[in-house]
Amino acid sequence: MTLTEKVLARAAGKASVQAGDNVWVNADVLMTHDVCGPGTIGVFKREFGANAKVWNPDGVVIIPDHYIFTADSLSNRNVDILREFARDQGLKYFYDVIDDPNGTWKFDAAKGSFARQFGARYAGVCHAALPEKGHTRPGEVLFGTDSHTCMAGAFNQFATGIGNTDAGFVMGTGKLLLKVPETMRFRLEGRLQPGVMAKDVILHVIGEIGFDGATYRAMQFDGPGVAGLSMDDRMTIANMAIEAGGKNGIFPFDARTAEYVEARTRLNGTRQAYEPVEADADQKCCYERVVDLDKLEPLVACHPDPGQRKTAKELGGMKLDRAYVGSCTGGKASDFVEFARVVRGRKVAIDTFGVPATPTIVRELQTTWWGDQTIWQILQDAGVRLTENAGCAACLGGPVDTFGRMNEAGLKCISATNRNFPGRMGSKESEVYLASPATVAASALAGKVTDPREYLS
Ligand code: SF4
């Protein structure tokens, strides 16, 4: 069996499963957020009753993160619905925006977008917050009402996005009927070279198979090249499995996974026994491809979909209006570190927005010193507009007052985010070009698409 088949067989209580089997799978965690949470709660109450209780109050994790720092009252109301539900259900893992369990959330537009406007429990973007808070454990099954839930496959678990109706059902029963996906295997060999990042790995893969090339398939990344990838790198790669239509992305378990999971679960009190899975030597995959990490170059996925791959060099000279570093894919601490390495001591030439994925990352950037400056100061000195309000922000557009949103038609933005279908970051007439944080940084400095190796010594 493949990694995905191993996890699903165990979660279905079976000795083995194969691609195409329909099995009832037990969930370990169900995650939802402010966009889909109210809808999921509505389905749950309609189908199970107004006073019904969720199947496991410790298994439901609610993370408001999408339309948070906005004066839009309906968006603010969504967070209040989550709070009322978490209180009524006695949920332990509700990462509220405010500290008062009986309060209401209102973003204070007068205070502005830059300074922190959240309480002590707020966790930031769900997919970055889940591992940070120790909710991603090897061998487990994680369902989330968000397509990028597949990011948690970095931790050797089956993680996939589901709709509100399925999520309402999981909320009530802790189970879901799933067809076991076929597995596409990507064997990683070699090491990433300077200026090339994990984002380039996944842009390369999606460029090979197209934005629908893995539809309803598991994307398994294994091979000797995995050892050289950090957990942040693996998260970036697994996150974008959905951008090829994948059901999930998944990595093998190793000492790095164990170290990360142990540290985060201990810190947040989410430690529990887990059992990683290993693929069988005779696993059956529907596709196999070797990815030579040494040979990869900085890449860009052009408008209008994540499969439109070109090298940064090929696109060199294409003028840009804006740069954006942030999101679950490109707003991790390591992403900002690579970005800072490129812009340090220089000035960006175009509007450049920075949105860390979580408050912990904000703190890390504000307390990590390079010489006599923190990384945060280095970025600010370079002219990056950095907000402390960690969240999804303009990654998916959002209300018009969303930080970094592309409100004007015709803008071209290079972005460390993960999706670039028309209108993704705001105006339907704007264009988004996906790239690694290093390529976004170099392009922000030059005002045009630029290979980051031009700025790295
Ligand atoms: S940062 Fe973007 S991709 Fe990630 S969860 Fe938020 S909206 Fe989705």
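Two strands count as paired here if DSSP finds at least two bridges between them. Strands β14 and β15 clear that bar, with five bridges in the parallel sense. Keep in mind that this is a predicted model. Below is a quick look at the sheet those strands belong to, the helix packed on it, and a pair of helices elsewhere in the chain numbering.

**The sheet**
- Seven strands make up an open sheet with mixed pairing, in the order β13-β12-β20-β19-β14-β15-β18.
- The edges are β13 (309-311) and β18 (385-386); each has a single partner strand, so one side of each goes without a neighbour in the sheet.
- In general, strands of a sheet pair through backbone hydrogen bonds, either parallel or antiparallel.
- β14 covers residues 322-326 and β15 covers residues 351-355.
- To find one bridge between β14 and β15, look for Val 325, whose partner in β15 is Gly 354.

**The helix on the sheet**
- Helix α14 (residues 437-446) packs on the sheet and touches β12 (299-301), β14, β15, β19 (412-415) and β20 (431-435).
- The direction of α14 makes about 150° with that of β14.

**Helices α2 and α3**
- The axes of α2 (residues 37-48) and α3 (residues 73-89) come within 9 Å and cross at roughly 45°, and α2 and α3 are therefore oblique to each other.
- The crossing of α2 past α3 is left-handed.
- On the α2 side, the contact uses Gly 37, Pro 38 and Ile 41; on the α3 side, they meet Asn 78, Ile 81, Leu 82 and Phe 85.
- Sorted by class, that contact has five nonpolar residues, two polar ones and no charged ones.

Definitions and conventions: Residues numbered from 1 in each chain as written. Predicted model: local features only at pLDDT ≥ 70, side-chain atom pairs only at ≥ 80, totals over all residues. Axes fitted to C-alpha atoms, helices over the stretch in contact; angles between N-to-C directions. Helix = DSSP H or I, 4+ residues; strand = E, 2+ residues; numbered from the N terminus. Parallel < 35°, antiparallel > 145°, perpendicular 65-115°, else oblique. Left-handed = near helix turned anticlockwise from the far one by under 90°. Contact = placed C-beta atoms within 7 Å. Nonpolar A, V, L, I, M, F, W, Y, C, P; charged D, E, K, R; others polar.
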